[in-house]
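Visitor: I'm new to this one and would like a close look at a single part. Could you pick a spot and walk me through it?

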Amino acid sequence: MITHVRGPLEQQQPNGAAYEQMLERVRYEGAYPTREKAEEVVRLVLSGLGRQLTGDERVDLAACLPAEAARVLTAQIPDSQPLTGRAFVKDLAARSGASPATTRWDTGSVFAAVTAHAGPDLITRILSQFPTGWALLFGRAELTHAA
C-alpha cells in the first residue's frame, strides 16, 4: 500500500516557494553569504544522502521535501553498502574539494532543514537504516544498541 506522507512543514505555498524557504533556512543555519552558496550545499548534501538512503524512508523523505530538493535526492542511485557518518562526510569533502570540517558544517546545515521538513519520527527511521555516526550529523546523540 502506498501512502502519501507529509512532514511537519506541509507546504501550503507553491513548491518553488517551499524550496526557496528551505534554501533560506540552510543559508541562515550555515551562515552562508549567498543563496547560491546555500543551494550548492543543499545539492551536494542531498545528492550524497540520495546515494545512501533506500526503501520506504527514501520515498517518505522525498514526499516531505520540496519538489526540487526531492528531485536532487531521488536522482541518485543508492550505493550497495551504506557509509558510516564519518565516511559520508569524507566522501562529500572529496567530491566538493572542501575540508572535512567545512563539509561537516554544510551537512549539519542541510540536515537541520531536512529535519524541519521530515519531522523527528521519520529522521529516527532514517537513522535506524545507517551505520554509526549519522545521528551526530542530524544534531542528535548517537544511540548505542544493547547487545
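Guide: Sure, and one term helps before we start: a polar contact is a pair of N or O atoms within 3.5 Å, where, inside a protein, one must be able to donate a hydrogen and the other to accept it. Keep in mind that this is a predicted model. Let's zoom in on Gln52, which sits in the loop between helix 2 and helix 3. Its side chain and that of Asp79 are joined by a polar contact of 3.3 Å. Is Gln52 buried or exposed? Gln52 counts as buried because its relative accessibility is 5%, and buried means under 20%. As for who surrounds it, leaving aside residues up to four places away in sequence, Gln52 touches Asp79, Gln81, Pro82, Leu83, Phe88, Gln129, Phe130 and Trp134. So Asp79, the polar partner, is also on that list of touching residues.

Now step back for the setting. The protein has eight helices and zero strands. Of its 147 residues, 43% count as buried, and Gln52 is one of the residues in that buried class. Among contacts with a separation of 6 or more, 68% are between residues 24 or more positions apart. On the outside, the protein exposes about 8,000 Å², with carbon and sulfur atoms supplying 56% of that.

Note on methods
Residues numbered from 1 in each chain as written. Predicted model: local features only at pLDDT ≥ 70, side-chain atom pairs only at ≥ 80, totals over all residues. Heavy atoms only, no water. Helix = DSSP H or I, 4+ residues; strand = E, 2+ residues; numbered from the N terminus. Buried < 20%, exposed > 50% of the residue type's maximum accessible area, 1.4 Å probe, protein only. Contact = heavy atoms within 4.5 Å. Areas by Shrake-Rupley, 256 points an atom, 1.4 Å probe, with all protein chains shown as cover.
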